[in-house]
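Please work through the following exercises with the sequence and the model open side by side. Each task is followed by a worked solution.

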Amino acid sequence: MNGADDLMRAARKVLDTNWVGTHTLPATGLYPHQWSWDSAFIAMGLRHVDPTRARQELESLFAAQWADGRVPQIVYDVTRDDDYSPGAAFWQSNQIPAAPDVPTTGLVQPPNHAWAVWEIHKADPEASTTSKFLRRLYPKLRAWHDYLAERRDRGGRGLASIVHPWESGMDNSPLWDAALRRVPDTPRHPILRPDLQHADSTERPSAKEYGRYFWLAEQYRDQQCDDASDSSFLMEDPAFNALWARSEMALAEIATAIGTDPRPHQDRVAVMTQAVEDLYDEHLGLFVARDVLEGSLVSKATISGVVPLILPDLPRAASVLQTVMGPRFLQSEPLMVPSYDVLAKDFEPSQYWRGPAWFNMTWLVILGLRTYGAGAEAERLAGNMRHLAHQHGFPEYVDPWTGSPHGTRDFSWTAALALDLLSTPYHRASMRPKSPLPAH
Ligand code: 2M8
């Protein structure tokens with residue numbers, strides 16, 4: 001057995017253990033439900049070893065899609081409702097007409113799903129075609145993207161706004177600090193913290209942050225999760241929107257493959273790639289968030305601002321590449337990509353989304369570096385990512401320099417994306433529209 005075989009076996013074991021018959025839990029203790037963008041990352045890895053299960057992973061998530069098109073952040077397993085908070089009892093989604101039969105949150109997460117669906121299809125086109133995977137998923141994915149365009153373009157610039165830090169997937173990123181200071185930390189609902197039984201409190205968001213998270217969630221829930229209502233937190237996040245644009249590209253490919261007109265999707269990609277430009281911070285040389293309520297950019301360099309490199313033909317790519325290779329992120333040769341500007345005074349190497357390196361974000365940066373010709377650095381990071389994932393039992397995140405593990409272990413997207421990196425690298429060419437596949 002060589003190292004790659006060992007990694008493959010160990011990663012599969014994590015994914016098998018966390019599989020509950022229809023989908024994969026991010027981690028059996030800390031995260032006992034189905035999470036939206038986790039499932040898409042997990043399926044990206046699963047497609048190499050079990051494409052049938054990869055398809056199921058996404059199909060089960062979309063079975064919980066709301067009538068208005070939104071794909072919920074969490075699909076709850078009610079038998080585990082005391083093990084994670086806020087749970088199904090907090091959201092009471094069954095009171096909301098647009099919600100599905102299964103209990104879910106009303107919030108969403110970054111839209112990486114159409115991208116995953118297209119990659120899963122290509123991993124096993126025959127079985128995918130026989131099972132009509134693309135045909136079934138395409139209208140659902142389109143409804144999801146239409147929800148973002150029609151209900152979440154709160155800034156009116158062609159970008160989606162998030163209404164809660166949880167929607168970014170980077171919960172306590174420094175990008176949200178100033179906006180969160182305007183939010184009360186006194187929700188009516190008791191703030192329960194079952195998460196602290198599975199991770200050290202120094203590695204999770206603080207009590208004050210949780211107060212604000214619950215307050216915002218309560219506000220949204222009490223408005224029936226209606227996006228026309230006032231929100232006390234409204235931000236345009238670069239990674240969220242770059243993943244949407246990347247998924248919109250994939251949707252164009254899916255449309256072509258099933259014999260539908262890809263142009264609406266291609267047009268949206270063009271609009272979005274241009275709109276992402278509005279999030280560019282000249283001083284920092286990368287993309288940042290926009291506070292829609294304040295009408296200003298949040299001038300902080302986080303990994304979110306590097307993720308748009310996954311988009312081909314990104315006008316600012318050269319300067320973002322320079323920034324990520326520079327002193328704020330990779331110049332000191334960390335083992336993986338820090339989630340926050342290492343030069344910032346409040347950089348913390350082991351505090352959740354405020355500095356540590358995450359496997360999903362490093363994976364996205366690797367794809368971006370490969371896209372823009374920084375292949376050697378991409379392969380250095382990919383090698384470290386595979387090694388650290390395996391060495392430390394698939395941790396949630398690591399210290400960027402020492403690689404010491406933090407958060408939970410046996411974390412599904414860590415296993416899935418390490419597995420993905422054992423397989424064929426992506427190339428810029430593979431991201432461009434290809435000649436149409438036969439309709440099916
Ligand atoms: C983390 O977020 C959840 C809330 O959604 C939490 O902290 O309880 C984030 O890392 C998020 O990106 C991820 O999807 C989720 C499950 O892995 O955990």
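The exercises below concern helix packing, burial and backbone geometry in this predicted model.

**Exercise 1. Determine how α2 and α3 are oriented relative to each other, and which residues form their contact.**

Step 1. Two packed helices are described by the angle between their axes and the distance between the axes. For α2 and α3 the angle is about 165°, and the axes lie 7 Å apart.

Step 2. Angles over 145 degrees count as roughly antiparallel. The helices α2 and α3 are therefore roughly antiparallel to each other.

Step 3. The handedness of the crossing of α2 and α3 is left-handed.

Step 4. On the α2 side, the contact is formed by Ser36, Ser39, Ala40, Ile42, Ala43, Leu46, Arg47 and Val49. On the α3 side, Pro51, Arg53, Ala54, Glu57, Leu58 and Leu61 take part.

Step 5. Sorted by class, the residues of the contact of α2 with α3 comprise nine nonpolar, two polar and three charged.

**Exercise 2. Carry out the analysis for α2 and α15, and classify their relative orientation.**

Step 1. Helix α2 covers residues 36-49 and helix α15 covers residues 412-420. They pack at an angle of about 40°, and their axes are 8 Å apart.

Step 2. The helices α2 and α15 are therefore oblique to each other.

Step 3. The crossing in which α2 passes α15 is left-handed.

Step 4. From α2, the contact includes Trp37, Asp38, Phe41 and Ile42, among others. From α15, the contributors are Ser412, Trp413, Ala416, Leu417, Leu419 and Asp420.

Step 5. The contact of α2 with α15 contains nine nonpolar, three polar and three charged residues.

**Exercise 3. Establish the span of α3, the extent of its burial and its packing against α7.**

Step 1. Helix α3 (residues 51-62) has twelve residues. From first C-alpha to last, α3 reaches 17 Å, close to the 16 Å expected at 1.5 Å a residue.

Step 2. A residue counts as buried when its relative accessible area is under 20%. Nine of the twelve residues of α3 are buried, so this helix is largely enclosed by the rest of the structure.

Step 3. The buried residues of α3 include the charged-class members Arg53, Arg55 and Glu57. Pro51, Ala54, Leu58, Ser60, Leu61 and Phe62 are also among the buried residues of α3.

Step 4. Helix α7 (residues 133-151) packs with α3 at an angle of about 45°, with the axes 11 Å apart. That makes α3 oblique to α7, and their crossing is left-handed.

Step 5. In this contact, Arg55, Glu59 and Phe62 of α3 meet Phe133, Arg136, Leu137, Lys140, Leu141 and Trp144 of α7. By class, the contact of α3 with α7 has five nonpolar, no polar and four charged residues.

**Exercise 4. Describe the length and burial of α9, then locate Leu234 and its contacts.**

Step 1. Helix α9 has 16 residues and reaches 22 Å from its first C-alpha to its last, close to the expected 22 Å.

Step 2. Twelve of the 16 residues of α9 are buried, and α9 is mostly covered. Its buried residues pack against α4, α7 and α8 (177-181).

Step 3. Leu234 lies in the loop between α9 and β3. Leu234 is buried, with a relative accessible area of 5%.

Step 4. Beyond its neighbours within four places in sequence, Leu234 is in contact with Arg154, Ser161, Ile162, Val163, Arg290, Asp291, Val292 and Leu293.

Step 5. Leu234 and Pro165 are 69 residues apart in sequence, and their C-alpha atoms are 9.3 Å apart in space.

**Exercise 5. Identify where the backbone departs from common geometry at Gln224, Phe394 and Pro86.**

Step 1. Most residues other than glycine have a negative phi, and most peptide bonds are trans.

Step 2. Gln224, although not a glycine, has a positive phi of about 60°. Gln224 comes just after α9, and with 40% relative accessibility it counts as partly exposed.

Step 3. Phe394, also not a glycine, has a positive phi of about 55°. Phe394 sits in the loop between α14 (375-391) and β9 (397-398) and is buried, at a relative accessible area of 3%.

Step 4. Ser85 and Pro86 are joined by a cis peptide bond, with omega about 0°. Pro86 belongs to the loop between β2 (74-75) and α4 (88-91).

Terms used
Residues are numbered from 1 along each chain as its sequence is written. This is a predicted model: local features need pLDDT of at least 70, side-chain atom pairs count only at pLDDT 80 or more; totals for chains, interfaces and linings use all residues. Side-chain values use heavy atoms; hydrogens and water are left out. Axes are lines fitted to C-alpha atoms, for helices over the stretch in contact, and angles run from 0 to 180 degrees between N-to-C directions. Helices (H or I, at least four residues) and strands (E, at least two) are DSSP runs, numbered from the N terminus. Angles under 35 degrees count as roughly parallel, over 145 as roughly antiparallel, 65 to 115 as roughly perpendicular and the rest as oblique. A crossing is left-handed if the near helix is turned anticlockwise from the far one by less than a right angle, and right-handed if clockwise. Contact means heavy atoms within 4.5 Å. The expected span of a helix is 1.5 Å times one less than its number of residues. Buried means under 20% relative accessible area, exposed over 50%, partly exposed in between (1.4 Å probe, protein chains only).
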